[in-house]
Amino acid sequence: MKILGIETSCDETAAAVIEQLPDGSLQILSNVVASSAEMHAATGGVIPENAARQQIKSILPVIQEALKKSKLQPSDIDTIAVTIGPGLIGSLLVGVETAKTLSLLWDKPIIPVNHLVAHIYVNFLNSSPELPALALVVSGGHTDLVLMHSHNHIEWLGGTRDDAAGEAFDKTARLLDLPYPGGPNLSKLAEEHLTTNPNSKLDLFPRPMIHEDNFDWSFSGLKTSVTNYLASRQLSSIKRSEVAANIQEAIVDSLISKAKKAIIKYKPQSFLLGGGVSANSRLRHCFEEEITTLKKLKDFAHLAFHVPSPALCTDNAAAIAATAFFKNTPLPWQQISANPQLTITDKVI
Ligand code: KG4
Ligand code: ZN
């Protein structure tokens with residue numbers, strides 16, 4: 001079984017081919033991502049119309065390259081999987097309409113995929129996480145904590161009340177005059193401080209809602225705190241790397257403390273991280289430490305921690321094709337449409 005995945009929900013244009021081997025494992029035959037980050041850097045962020053225009057140019061060459069790298073012909077593909085939402089409507093339409101056209105031309109069905117669910121299922125590419133699993137999706141537009149009882153039953157436990165974790169990275173990065181994409185650049189600057197000051201206290205900024213008895217977050221106040229901090233000091237006295245490390249720690253700390261509460265309450269078999277922010281090295285390191293500590297307790301000795309390789313944390317089509325193997329409901333192209341408002345628990349069919 002071979003699936004061609006297509007992903008165009010935000011600013012990337014991606015295609016990948018995944019094969020399921022006879023033992024059930026999934027193998028990446030190709031995984032191509034065309035980024036338009038340079039174009040967005042020039043405008044300081046993603047302008048939806050610019051993103052979609054670029055994606056129209058990139059989509060066919062990207063699919064052709066994915067097929068070429070997989071050494072397959074269209075006739076070797078069993079099904080096309082495509083992100084139908086959530087995302088930017090113009091961008092989603094590029095992927096969805098291309099998938100529908102190829103479906104008609106090649107006579108292949110389509111499996112519609114929820115982009116947020118794909119950020120979880122990318123963890124099933126190289127391993128077989130046991131369920132029930134807790135999963136935290138931290139991306140540019142979403143922060144969701146869910147309990148996966150089974151592949152057909154995902155329960156939403158909580159999420160952000162305002163900005164997403166990635167949005168908090170991106171917006172505070174702008175306050176530090178860092179170029180787009182903010183998250184990775186802020187993280188790089190923070191590393192400079194952490195390398196030279198590994199034991200410094202990183203408590204300049206608040207962690208709202210951290211003590212509340214729920215699984216929700218609020219990140220919009222972080223921008224205000226950072227703005228006030230920068231406004232009340234002489235620029236020359238501000239160490240930007242120290243501010244970056246403090247911003248990063250406030251986000252990481254908030255995410256980990258609520259996730260840990262959920263692990264203690266639900267005692268899952270696995271904990272899965274996904275979404276662009278999970279490429280953050282501090283977040284990965286701190287989660288690994290927390291889970292290693294928890295595993296020393298009898299109740300959590302079985303707990304397995306899964307996080308994708310950094311390249312598979314951010315948007316890619318291997319995640320989309322991988323998801324399709326678990327949400328395998330092929331449909332004729334006439335029944336496929338984009339849904340920019342999809343939530344993580346919405347069914348796609
Ligand atoms: O999942 P993703 O690629 O796209 C969405 O579905 O939104 O996530 C993009 C987000 C952006 O906010 C970006 O700044 C953030 O992930 N991000 C990072 C890092 N790499 C990507 N944030 C912090 N540290 C990173 N290393
Ligand atoms: Zn994403």
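What follows is a conversation between a bench colleague and a modeller about how the terms used for this predicted model are justified.

Colleague: Let's begin with the metal. What makes H115, H119 and D315 the protein donors of the zinc ion (ligand 2)?

Modeller: Donors must be N, O or S atoms within 2.8 Å of a metal such as this. Here H115 and H119 each offer NE2 and D315 offers OD, at 2.0 to 2.1 Å from the zinc ion (ligand 2), so these atoms meet the cut-off. Along the chain the donors are spaced as H-x3-H-x195-D. H119 sits in helix α4 (residues 115–121), whereas D315 is in the loop between α10 (310–313) and α11 (317–326), so this pair ties together parts that lie 196 residues apart in sequence. H119 and D315 are both buried.

Colleague: Why is T323 called buried?

Modeller: Buried means under 20% relative accessible area. T323 has 1%, so it counts as buried. T323 belongs to helix α11, and, with residues up to four places away in sequence left out, it touches V113, V117, A118 and Y121.

Colleague: And what about S70, why does that residue count as buried?

Modeller: The relative accessibility of S70 is 9%, and the limit is 20%, so S70 is buried too. You will find S70 in helix α2 (residues 48–70). Its contacts, apart from neighbours within four places in sequence, are V17, L29 and S30.

Colleague: Why is K261 described as partly exposed?

Modeller: Partly exposed covers the range between the 20% limit for buried and the 50% limit for exposed. K261 has a relative accessible area of 31%, so it falls in that range. K261 is part of helix α8. Setting aside neighbours within four places in sequence, K261 is in contact with I210, H211, E212 and F215.

Colleague: How do you know that K261 makes a polar contact with E212?

Modeller: A polar contact needs a pair of N or O atoms within 3.5 Å, one able to donate a hydrogen and the other to accept it. The K261 side chain reaches the backbone oxygen of E212 at 3.4 Å, so the distance is inside the cut-off.

Colleague: What makes α5 and α8 roughly antiparallel?

Modeller: Angles over 145 degrees count as roughly antiparallel. The axes of α5 (residues 165–175) and α8 cross at roughly 170° and come within 10 Å, so the two helices are roughly antiparallel to each other. On the α5 side A165, A168, F169 and T172 take part, meeting I247, Q248, I251 and L255 in α8.

Colleague: Which strands does α8 lie across?

Modeller: Helix α8 (residues 240–266) lies across β6, β7 (143–150), β8 and β9, and runs at about 165° to β6. Those strands belong to an open sheet with the order β8-β7-β6-β9-β10 and mixed pairing.

Colleague: Why are β8 and β10 said to stand at the edges?

Modeller: β8 (153–159) and β10 (304–306) each have a single partner strand, so one side of each has no neighbour in the sheet. On average, neighbouring strands of this sheet are turned by 20° against each other, direction ignored.

Colleague: How do you know that β9 pairs with β6 and with β10?

Modeller: Two strands pair if there are at least two bridges between them. β6 (residues 133–138) and β9 (residues 270–274) have five bridges, in the parallel sense, and β9 and β10 have three, also parallel. V137 has G274 in β9 as its bridge partner, while L272 is partnered by H306 in β10.

Colleague: Why is β9 called largely enclosed?

Modeller: Five of its five residues are buried, so β9 is largely enclosed by the rest of the structure. S270, L272 and G274 point one way, F271 and L273 the other.

Colleague: There is another open sheet. What makes β3 and β5 its edge strands?

Modeller: The order in that sheet is β3-β2-β1-β4-β5, with mixed pairing, and β3 (26–35) and β5 (110–114) each pair on one side only. Inside it, six bridges join β1 (residues 2–7) and β2 (residues 12–20) in antiparallel fashion, with K2 opposite E19. Helix α2 packs on this sheet, touching β1, β2 and β3, and its direction makes about 25° with that of β2. An angle under 35 degrees counts as roughly parallel, so α2 and β2 would fit that word.

Methods: Residues numbered from 1 in each chain as written. Chains lettered and ligands numbered in written order. Predicted model: local features only at pLDDT ≥ 70, side-chain atom pairs only at ≥ 80, totals over all residues. Heavy atoms only, no water. Helix = DSSP H or I, 4+ residues; strand = E, 2+ residues; numbered from the N terminus. Axes fitted to C-alpha atoms, helices over the stretch in contact; angles between N-to-C directions. Contact = heavy atoms within 4.5 Å. Donors = N, O, S within 2.8 Å, 3.2 Å for Na, K, Ca; no water. Buried < 20%, exposed > 50% of the residue type's maximum accessible area, 1.4 Å probe, protein only. Parallel < 35°, antiparallel > 145°, perpendicular 65-115°, else oblique.
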